[in-house]
Amino acid sequence: MHDAVALARDLIRCPSVTPIEGGALDLLQSTLEGMGFTCHRLPFSAEGTPDVDNLYARYGTARPNFCFAGHTDVVPTGPTESWSVDPFAAEIRDGVLYGRGATDMKSAIAAFVVAVQRMLRDKTPEGSISLLITGDEEGPSVNGTKKMLQWLTENDEDIDICIVGEPTNPTRLGEMMKIGRRGSMNGWLTVRGEQGHTAYPHLADNAAHRIVDMLRALTAEPLDEGSDHFQPSTLQISTIDVGNPTTNVIPGEARATFNIRFNDLHSSAKLTEWLHKVFDASIGDGGKYDLHIEVMANPS
Ligand SMILES: [Zn+2]
């Protein structure tokens, strides 16, 4: 019998930062094959995005097919000095497991796999059990679940019931159930000014000053107060870049990236309109900017 904590630790020890497989899918595949699952590795590629490996595993062939959907990829660690533990050591301190992916969502996968193993020890399911595990949830999400679902359709693999093992409950299991998902979109803002010397600002147009005003306007007000089934929408600036190593040059260009998680009070089209309105109003006279938007999903 596998142990859920041990399996979670082994998975965390695979450094599977998107799009790297890191051994996590290999480990999962060998574990599931050992339990009688039939496994399909589904690597996908697309121009402009990194190749990503995915895993679909099924126990049995009968219907209904009960599926657990999840991902083994994790977000980057950020600066390691901001960690009090090695992000990939899966250390246990005072009964708490620490590591990248401990919450989102290697522990959930481990718990499900071990629960299935326990169940199979006592009985054979009437239907089948499957796992749809992508390595592209935290990245561009182009070569992951969407393409896997296409593959499933083409190969007559029907999923009847699906549970998503994402961490959702704020403090304890069973506290909260989600019946939909928020939308997500990314924005890349580039503000163009005129480079110059800080001693002669009247000859320049400081892009950093403009972007500061624009980003302040962007975060000034909450997007909403939440809806019946969704929490309030949020906007987070993820990076601001001027890339100016000197102190006496006025930057001619400034960039920022932000992510919006939005509820069913919005659509990506309406939010894009709103973004332009905010930026047009806050950039100041004569300012120029480009806004590139990528929509990951609308609320559903
Ligand atoms: Zn996740």
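Strand S14 is mostly covered in this predicted model: seven of its ten residues are buried. S14 spans residues 253-262 and pairs with S10 in the antiparallel sense over ten bridges. On another side of the pairing list, S12 is joined to S14 by seven bridges, and these two strands also run antiparallel.

## The four-stranded sheet

S14 belongs to an open sheet of four strands with the order S12-S14-S10-S15 and antiparallel pairing. Strand S12 (234-241) and strand S15 (288-297) stand at the edges with a single partner strand each, so one side of each is left without a neighbour in the sheet. Neighbouring strands here are turned by 15° against each other on average, direction ignored.

If you would like to follow the register by eye, some residue pairs make good landmarks. Gly-187 has Phe-258 in S14 as its bridge partner, while Asn-186 stands opposite Asn-259 in S14. For Thr-239, the bridge partner in S14 is Thr-257.

Helix H6 (residues 268-282) packs on this sheet and touches S10, S12, S14 and S15. The direction of H6 makes about 160° with that of S15.

## The five-stranded sheet

There is also an open sheet of five strands, in the order S1-S4-S8-S5-S9, and its pairing is mixed. Strand S1 (38-41) and S9 are the edge strands, each pairing on one side only. The average turn between neighbouring strands of this sheet is 15°, direction ignored.

Within this sheet, strand S5 (residues 65-71) and S8 run parallel and are joined by seven bridges. Ala-69 is a handy place to look, as it stands opposite Leu-132 in S8. H3 packs on the sheet, touching S4, S5 and S8, and its direction makes about 165° with that of S8. Helix H4 (residues 145-154) lies across S1, S4 and S8 and runs at about 140° to S8.

The helices that pack on the two sheets can be set side by side:

| Helix | Strands touched or crossed | Angle |
|---|---|---|
| H3 | S4, S5 and S8 | about 165° with S8 |
| H4 | S1, S4 and S8 | about 140° to S8 |
| H6 | S10, S12, S14 and S15 | about 160° with S15 |

## Nonpolar cores

Which residues touch the most other members of the largest nonpolar core? In this core of 25 residues they are Leu-32, Phe-37, Ile-109, Val-113, Leu-131 and Ile-133. At least two core residues each come from helix H1 (4-12), helix H2 (24-34), strand S4 (55-59), helix H3 (106-122) and strand S8 (128-134). H3 gives the largest share, seven residues. A second, separate core has 22 residues, among them Ala-207, Met-214, Val-278 and Ile-283.

Phe-37 is worth a closer look. Leaving aside neighbours within four places in sequence, Phe-37 is in contact with Leu-32, Ala-57, Arg-58, Tyr-59, Val-116, Ile-129, Ser-130 and Leu-131.

## The zinc site

Which residues provide the protein donors of the zinc ion? They are His-71 through NE2, Asp-104 through an OD atom, and Glu-166 through two OE entries, lying 1.9 to 2.3 Å from the ion. The four donor atoms subtend angles of 58 to 135° around the zinc ion, which makes the arrangement irregular. For reference, the ideal angle for four tetrahedral donors is 109.5 degrees.

In sequence, the donor residues follow the spacing H-x32-D-x61-E. Asp-104 and Glu-166 link distant parts of the chain, 62 residues apart. Asp-104 sits in the loop between strand S7 (96-97) and H3, and Glu-166 in the loop between strand S9 (161-164) and strand S10 (183-192).

Are these two acidic donors buried or exposed? Asp-104 is partly exposed, with a relative accessible area of 26%. Glu-166, at 24% relative accessibility, counts as partly exposed too.

## The whole protein

Stepping back, the protein has six helices and 15 strands. Buried residues make up 39% of its 300 residues. The C-alpha atoms fill a box of roughly 80 × 40 × 40 Å along the principal axes. Among contacts between residues at least 6 apart in sequence, 73% join residues at least 24 apart.

Note on methods. Residues are numbered from 1 along each chain as its sequence is written. This is a predicted model: local features need pLDDT of at least 70, side-chain atom pairs count only at pLDDT 80 or more; totals for chains, interfaces and linings use all residues. Side-chain values use heavy atoms; hydrogens and water are left out. A nonpolar core is a set of buried Ala, Val, Leu, Ile, Met, Phe, Trp, Tyr and Cys residues joined through side-chain atoms within 4.5 Å. Buried means under 20% relative accessible area, exposed over 50%, partly exposed in between (1.4 Å probe, protein chains only). Contact means heavy atoms within 4.5 Å. Donors are N, O and S atoms within 2.8 Å of the metal (3.2 Å for Na, K and Ca); water is not among the atoms, so sites may look incomplete. Four donors count as tetrahedral if all angles lie between 85 and 135 degrees; four count as square planar and six as octahedral if opposite donors are over 155 degrees apart and all others between 65 and 115; anything else is irregular. Two strands pair if DSSP finds at least two bridges between them. Axes are lines fitted to C-alpha atoms, for helices over the stretch in contact, and angles run from 0 to 180 degrees between N-to-C directions.
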